[in-house]
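Please read the report below alongside the sequence and the structure. It goes through strands and sheets, then the core, the ligand shell and two loop residues.

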Amino acid sequence: SGVVALVVLGSVVGCSLTDEPTPPAVHHTEAAYRPGAPGIGDPDFPDDGNGGYDVAHYDLDVDYTPATRRLEGVATIRAAATQGLSSFNLDLAGLDVRKVSLDGKSATFSRRGDELTVRPERPIDANDEFTVEVTYDGVPNPAKDTGNLGTFGFMPTSDGAFVASEPDGSKTWFPSNDHPADKATYAFEITVPAGLTALANGEQVGQPKTAGGKTTFRWRERHPMATYLATATLGKFELRQGKTASGIPTLAATDPAFKSGLDRLYTSTAEITDHWAKVFGPYPFSSTGGVIDNYTAGYALENQTKPLYGGFDPDEVIVAHELAHQWFGNSLTIWRWKDLWLNEGFATYAEWMWSEHKGRKTVEEFFTEFNNRPDSDPMWSYPPGRAKPDDLFNQSVYTRGGMALHALRKAIGDETFFKLLRTWAAEHRYGHVTTEKFIDLAERMSGKDLNPLFDAWLFQPRKPAA
Ligand code: ARG
Ligand code: ZN
């Protein structure tokens, strides 16, 4: 019942219930004010994101000094309440909060773990828009995972910072509703010591301004973006800017140590972006690009409009992977992490398609090679359609996820398959997706019962029968 939920939530966010309004009768819940939930409702990541509101826009004003590793930030977040709110949470890991205000009036706040609870002077009505401003500072501490995630979030480098936050590392550098189910637009104002460059998502606004030994870079991402794709990668960079053959603005940037790879990154990014636009449908964003930083992350991340490569000069196939994510992952975003194969399986399939497109190994050859792995291979015991929270980026989510798409293609034929990819990308452009929706669309477009195929490839802990 509503009363039980209220007690549970109240105790989780650590606030006293004595000053709460009397719990309303169940049939009057829309009139009630209650704390927003401390999680957005992803059962695998119960504390990630928050309930009770929906963010429309983040304004992130960040000043970073590599020598001291200190960050000073002001995050201004515009949101709409989805319930009457007596309080609500933001996610923030570490850092010191100096001040919180709500619609210009100071608000009280408290912290517990990675939850920042904001209690406005007057409760917020359901459907009302509000603006919360958080002033904070400190030394960001990137997230370290004991499983297969490694280090993520805001990571210091020798000359700046490498910012790659999948799955939930945005809270290491800005207060946020840190879950992909709440996408928003972004404006960045990043101040760094003069001589350094700050690279965020979207396009630069105006020229960088230098004063008092510091330079401020302004960027704007006008399309909805998941928190984990937000970046403020900064340091010494060599840049090359221009347009792809089809006219999409593009920016390649490399740490000086990777300068020899700048032209190759620029060229492959432009060519691959244009190629995927032919295969998947129009490029979803206003610019494309790529950044190679001198930080060995052990992975790359598809940061929106600017994939980030961690300390290596990426092969074309990796660039093809990260750029495919601009459609599958960034424009079409998963609602729950368990559906991660909708990102990684598609991006892996794109790697194989790029290889074939370049006259190298074909998709069918990749499929056959992986399918020849023995029954004992760990890929067969991990069903990729249900990514496990403690082993999210398991190779099966990538490889067996990609194989599921190839099995589908063979079942429905090339024409329907490629039409399906484009329809999928068009129908859910800038939105959220689930595996069920994909299966439904595949069945609708092919007129076939595909449940046995998807069940075998995505959900069974064994190798699908030939
Ligand atoms: N989405 C990235 C890719 O496919 C992987 C990100 C892994 N994240 C992490 N924290 N290790 O390239
Ligand atoms: Zn990927």
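## Strand 13 and its partners

E189 faces R218 in strand 17. This is a predicted model, in which local features need pLDDT of at least 70 and side-chain atom pairs count only at pLDDT 80 or more, while totals for chains, interfaces and linings use all residues. Residues are numbered from 1 along each chain as its sequence is written, and chains are lettered from A and ligands numbered from 1 in the order in which they are written.

Helices (H or I, at least four residues) and strands (E, at least two) are DSSP runs numbered from the N terminus. Two strands pair if DSSP finds at least two bridges between them. Strand 13 covers residues 184-193. Strand 17 (residues 214-225) runs antiparallel to strand 13, and nine bridges join them. Strand 2 (residues 53-65) runs parallel to strand 13, with seven bridges. In that pairing Y58 stands opposite Y186.

A residue is buried if 20 or more other C-beta atoms lie within 10 Å of its own, exposed if 12 or fewer, and partly exposed in between, with C-beta atoms placed from the backbone. Seven of the ten residues of strand 13 are buried, so the strand is mostly covered.

## Further pairings

The table lists four strand pairs, with their direction and bridges.

| Strand pair | Direction | Bridges | Facing residues |
|---|---|---|---|
| strand 14 (residues 197-200) and strand 18 | antiparallel | four bridges | L199 and T233 |
| strand 1 and strand 4 (residues 84-91) | parallel | three bridges | P35 and S87 |
| strand 19 and strand 20 (residues 249-254) | antiparallel | six bridges | L239 and A253 |
| strand 2 (residues 53-65) and strand 13 | parallel | seven bridges | Y58 and Y186 |

Strand 18 spans residues 232-235. A232 and L234 point one way from strand 18, T233 and G235 point the other way, and all are buried.

## Two open sheets

One open sheet has four strands in the order 1-4-8-7, with mixed pairing. Strand 1 (33-35) and strand 7 (108-112) are the edge strands, each pairing on one side only. Neighbouring strands of this sheet are turned by 25° against each other on average, direction ignored. Here axes are lines fitted to C-alpha atoms, for helices over the stretch in contact, and angles run from 0 to 180 degrees between N-to-C directions.

Another open sheet has five strands in the order 19-20-21-23-22, and its pairing is mixed too. Strand 19 (238-243) and strand 22 stand at the edges with a single partner strand each, so one side of each has no neighbour in the sheet. Helix 2 (residues 262-280) lies across strand 19, strand 20 and strand 21 (288-293), and runs at about 150° to strand 20.

## The nonpolar core

A nonpolar core is a set of buried Ala, Val, Leu, Ile, Met, Phe, Trp, Tyr and Cys residues joined through C-beta atoms within 7 Å. The largest one has 119 residues, of which I190, A198, L234 and A324 touch the most other members. Helix 4 (residues 341-357) gives the largest share of this core, nine residues.

Two residues are in contact if their C-beta atoms, placed from the backbone, lie within 7 Å. Apart from neighbours within four places in sequence, A198 is in contact with I190, V192, F217, A232 and L234.

## Around ligand 1

A residue counts as near a molecule or strand if its C-beta atom, placed from the backbone, lies within 6 Å of it. The residues around ligand 1 are L149, G150, F152, E166, Y299, A300, L301, E302, E344, A347 and F393. Strand 22 (300-301) and helix 4 each supply at least two residues of this shell.

## Two buried loop residues

G52 is in the loop between strand 1 and strand 2. Why does G52 count as buried? G52 is buried because 25 other C-beta atoms lie within 10 Å. G52 and T82 are 30 residues apart in sequence, with C-alpha atoms 5.0 Å apart in space. Not counting residues up to four places away in sequence, G52 touches G36, A37, A81, T82, Q83, L85 and F88.

P384 is in the loop between helix 6 (378-381) and helix 7 (395-412). P384 is buried, with 25 other C-beta atoms within 10 Å. Beyond its neighbours within four places in sequence, the contacts of P384 include W341, G345 and L458.
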